[in-house]
Amino acid sequence: MTTEPFKNVLLLPQTNQLLGLYTIIRNKNTSRPDFIFYADRIIRLLVEEGLNHLPVEPQTVVTETNEKFEGVSFQGKICGVSIVRAGESMEQGVRDCCRSVRIGKILIQRDEETALPKLFYEKLPDDIANRYVFLLDPMLATGGSAIMATDVLIKRGVKPERIYFLNLICSKEGIDKYHAAFPEVTIVTGALDKGLDENKYLIPGLGDFGDRYYCI
Ligand code: PRP
Ligand code: URA
Ligand code: MG
């Protein structure tokens, strides 16, 4: 589903099933094992949706009945790039759908006082410029971290129209800021929240995704 009035934003169909998954991960009383299990289910849906939009070329195969089947196969090569730490939680979802996929990492952390992002480290596949990239980070809040990560990808030669930024929750403010910098990147998301609080956390949001997935 494409959201109006946003261009280049794919919002997962807001089914009762999806709403139920978000209800669990947003609940502050949800245990860490449940948070991981249900966040992983949403991640899988985001990856599948991203894959729906990659280009294909015609491929004809012959079935066991010796009949032809006119199908398709993916045209290009893919890689995942996670924004460490929280984005690493999305790597398995990509691996589950794309066999032996290459994964790159960019370590960006928001300063806890200012909410401004800082880049510490990047390690990306050598041939990333020739690949479609699934950029992985569960939260798009102010947009600062995702912009910094996308800058790294562009400097490595990735074409913006080949980047799909997968996240679980985003804000309008984050989308606007991100798309002002990179209008051609497609954002794939499952939820659009109403805004940010005074600490630049999404509201209603779910708190700190990384802490809930890895620590508490
Ligand atoms: C979180 C999240 C994003 C960023 C989003 O990471 O995973 O990377 O904040 O906020 P922004 O859109 O305002 O930049 P954080 O820096 O808290 O690190 P973590 O992954 O270790 O939790
Ligand atoms: N990072 C998170 O983990 N959660 C938010 O709401 C914003 C940034
Ligand atoms: Mg982060």
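This briefing describes the sheets, helices, backbone features and ligand surroundings of the structure above. The model is a predicted one. Its strands include an open sheet of seven with mixed pairing and an open sheet of three with parallel pairing. Two ligands are treated in turn: the protein buries 93% of the area that ligand 1 exposes when taken alone, and 89% of the corresponding area of ligand 2.

**Record annotation**

- An unreviewed UniProt entry places the feature "domain: Phosphoribosyltransferase" at residues 13-214.
- The span of residues 13-214 is 33% helix and 32% strand, and its end C-alpha atoms are 28 Å apart.

**The seven-stranded sheet**

- The strand order in this open sheet is 1-11-9-7-4-5-6, and the pairing is mixed.
- Strand 1 (9-11) and strand 6 (117-123) each have a single partner strand, so one side of each is left without a neighbour in the sheet.
- On average, neighbouring strands of this sheet are turned by 20° against each other, with direction ignored.
- At one end of the order, strand 1 pairs with strand 11 (residues 186-189) in the parallel sense, over three bridges.
- Within that pairing, Leu11 has Thr189 of strand 11 as its bridge partner.
- Strand 4 (77-84) and strand 5 (residues 102-110) are also paired in the parallel sense, through six bridges.
- Val84 is matched there with Leu107, its bridge partner in strand 5.
- Strand 5 and strand 6, by contrast, run antiparallel and are joined by six bridges.
- Across this antiparallel pairing, Ile108 stands opposite Leu119 of strand 6.
- Strand 5 and strand 6 form a hairpin with six residues between the strands, and Ala115 in this hairpin takes a positive phi near 65°.

**Helices on the seven-stranded sheet**

- Helix 2 (residues 32-52) lies across strand 1, strand 4, strand 7 (131-136), strand 9 (163-167) and strand 11.
- The direction of helix 2 is at about 145° to strand 11.
- Helix 5 (residues 172-181) packs on the sheet and touches strand 1, strand 7, strand 9 and strand 11.
- Relative to strand 11, the direction of helix 5 makes an angle of about 155°.

**The three-stranded sheet**

- This open sheet has the order 8-10-12, and its strands pair in parallel.
- Strand 8 (139-140) and strand 12 (192-193) are the edge strands, each pairing on one side only.
- Two bridges link strand 10 (residues 169-171) to strand 12 in the parallel sense.
- Cys170 has Leu192 of strand 12 as its bridge partner.

**Backbone features**

- The peptide bond from Val84 to Arg85 is cis, and its omega is near 10°.
- Arg85 belongs to the loop between strand 4 and helix 3 (91-97).
- A second cis peptide bond joins Ile203 to Pro204, with omega about 0°.
- Pro204 sits in the loop between strand 14 (202-203) and helix 6 (209-214).
- Asn8 is not a glycine, yet has a positive phi of about 60°.
- The position of Asn8 is in the segment before strand 1.

**Ligand 1**

- Ligand 1 is surrounded by 14 residues, of which the closest are Ala86, Arg110, Asp137, Thr142 and Ser145.
- A polar backbone atom of Ala86 is 2.8 Å from an oxygen atom of ligand 1.
- A polar backbone atom of Gly143 is likewise 2.8 Å from an oxygen atom of ligand 1.
- Asp208 contributes a polar side-chain atom, which lies 3.5 Å from an oxygen atom of ligand 1.
- Taken alone, ligand 1 exposes 500 Å², and the protein buries 93% of that area.

**Ligand 2**

- The residues around ligand 2 are Arg110, Met139, Ala141, Lys200, Tyr201, Leu202, Gly207, Asp208 and Phe209.
- Arg110 is listed among the closest residues to ligand 1 and also among the surroundings of ligand 2.
- A polar backbone atom of Leu202 is 2.8 Å from an oxygen atom of ligand 2.
- A nitrogen atom of ligand 2 is 2.9 Å from a polar backbone atom of Gly207.
- A polar backbone atom of Phe209 is 2.8 Å from an oxygen atom of ligand 2.
- Ligand 2 taken alone exposes 240 Å², of which the protein buries 89%.

Note on methods. Residues numbered from 1 in each chain as written. Chains lettered and ligands numbered in written order. Predicted model: local features only at pLDDT ≥ 70, side-chain atom pairs only at ≥ 80, totals over all residues. Heavy atoms only, no water. Pairing = 2+ DSSP bridges. Helix = DSSP H or I, 4+ residues; strand = E, 2+ residues; numbered from the N terminus. Axes fitted to C-alpha atoms, helices over the stretch in contact; angles between N-to-C directions. Contact = heavy atoms within 4.5 Å. Near = heavy atom within 4 Å. Polar contact = N/O pair within 3.5 Å; in protein donor to acceptor, adjacent residues only side chain to side chain. Areas by Shrake-Rupley, 256 points an atom, 1.4 Å probe, with all protein chains shown as cover. UniProt positions renumbered as here; feature names shortened; annotations may be inferred.
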